[in-house]
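Here are my notes for when you open this one up. Keep the viewer beside you and click along as you read.

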Amino acid sequence: QVQLVESGGGSVQTGGSLRLSCAASGYTGSRYCMGWFRQAPGKEREGVAAYYTGSETSHYAASVKGRFTISLNFSQNTLYLNTFYLQMNNLKPEDTAMYYCAFGDGGWPWASPSLYNYWGQGTQVTVSS
């Protein structure tokens with residue numbers, strides 16, 4: 001059972017930065033996909049970024065490319081506990097949403113929510129103008 005624990009949301013002004021964290025545990029494989037999604041009120045959940053550990057590739061939505069960066073940190077203490085980050089710079093009011101990290105075995109397209117089996121609890125990001 002994969003467990004995901006998110007942190008790092010908050011409120012910032014336009015142009016500000018935030019870093020979201022997602023601590024993942026419970027997976028014993030080495031190839032998986034970690035994604036970040038967001039959902040604003042009244043809108044569908046959309047993929048923001050994803051990272052594939054097998055190919056070590058990252059993917060971004062056009063709306064955040066150049067502003068957001070997905071990265072990961074392998075824990076030195078526990079082999080299967082990884083923390084994923086979403087660094088968000090130059091935030092805009094349209095980035096306001098609940099952000100979720102998600103875990104999947106892999107596959108394509110990366111931005112399809114159905115690809116992911118496990119989800120974090122969500123963390124709110126609010127950007128004011």
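1. Start with R38 and E46, whose side chains meet in a salt bridge, N to O at 2.7 Å. R38 counts as buried, because its relative accessibility is just 6% and the cut-off is under 20%. E46, at 34%, counts as partly exposed. Keep in mind that this is a predicted model, so treat each distance here as a value computed from predicted atoms.

2. Now stay on R38, which also forms a salt bridge with D95, the closest N and O atoms being 2.9 Å apart. This pair links distant parts of the chain: R38 sits in strand β4 and D95 in the loop between β8 and β9, 57 residues apart. How accessible is D95? With a relative accessible area of 1%, D95 is buried.

3. D95 has another partner to look at: the side chains of R67 and D95 meet in a salt bridge, 2.8 Å from N to O. R67 belongs to the loop between β6 and β7, while D95 is in the loop between β8 and β9, so this pair ties together parts 28 residues apart in sequence. R67 and D95 are both buried. Put together, salt bridges with shared partners join R38, E46, R67 and D95 into one network. A search of the whole structure finds three salt bridges. As background, side chains of opposite charge can pair when their charged atoms come close.

4. What else does R67 touch? Leaving out residues up to four places away in sequence, R67 touches Q87, M88, N89, N90, L91, K92 and D95. The relative accessible area of R67 is 9%, which means it is buried.

5. Next, the cysteines. How many disulfides does a search of the whole structure find? One: C22 is joined to C101, with the sulfurs 2.1 Å apart. C22 lies in strand β3 (residues 18-25) and C101 in strand β9 (residues 97-104), so the pair ties together parts that are 79 residues apart in sequence. With 60° about the S-S bond, the link of C22 and C101 is right-handed, and both C22 and C101 are buried.

6. Why is C33 not bonded to the closest cysteine sulfur? That sulfur, in C101, is 12 Å from the sulfur of C33, which is too far for a bond. C33 is buried too, at 1% relative accessibility.

7. Strand β9 deserves a slow look. Seven of its eight residues are buried, so β9 is largely enclosed by the rest of the structure. Strand β4 (residues 33-39) pairs with β9 in the antiparallel sense over seven bridges, and the bridge partner of C33 in β9 is G104. β9 also pairs with strand β11 (residues 123-128), antiparallel over three bridges; there, A97 has V125 as its bridge partner. β10 runs antiparallel to β9 as well, joined by two bridges, with A102 partnered by W119.

8. A few backbone oddities are worth a click. Most residues other than glycine have a negative phi, and most peptide bonds are trans. E56 has a positive phi near 55° and is not a glycine; it is in the loop between β5 (46-52) and β6, and counts as exposed at 61% relative accessibility. N90 has a positive phi of about 50°, again without being a glycine. N90 is in the loop between β8 (82-88) and β9 and is partly exposed at 42%. The peptide bond from W108 to P109 is cis, with omega near 0°, and P109 is in the loop between β9 and β10 (118-119).

9. Have a peek at G9, in the loop between β1 (3-7) and β2. G9 touches L20, T123, Q124 and V125, not counting residues up to four places away in sequence. With a relative accessible area of 33%, G9 is partly exposed.

10. Last, how confident is the predictor? The mean pLDDT of the chain is 91, and 94% of its residues reach 70 or more. Among the elements of the chain, strand β2 (residues 10-13) has the highest mean pLDDT, 98, and β7 the lowest, 87.

Conventions: Residues are numbered from 1 along each chain as its sequence is written. This is a predicted model: local features need pLDDT of at least 70, side-chain atom pairs count only at pLDDT 80 or more; totals for chains, interfaces and linings use all residues. Side-chain values use heavy atoms; hydrogens and water are left out. Buried means under 20% relative accessible area, exposed over 50%, partly exposed in between (1.4 Å probe, protein chains only). Contact means heavy atoms within 4.5 Å. A disulfide is a pair of cysteine sulfur atoms within 2.5 Å. Helices (H or I, at least four residues) and strands (E, at least two) are DSSP runs, numbered from the N terminus. pLDDT is the predictor's confidence in each residue, from 0 to 100. Two strands pair if DSSP finds at least two bridges between them. A salt bridge is a side-chain nitrogen of Lys or Arg within 4 Å of a carboxyl oxygen of Asp or Glu.
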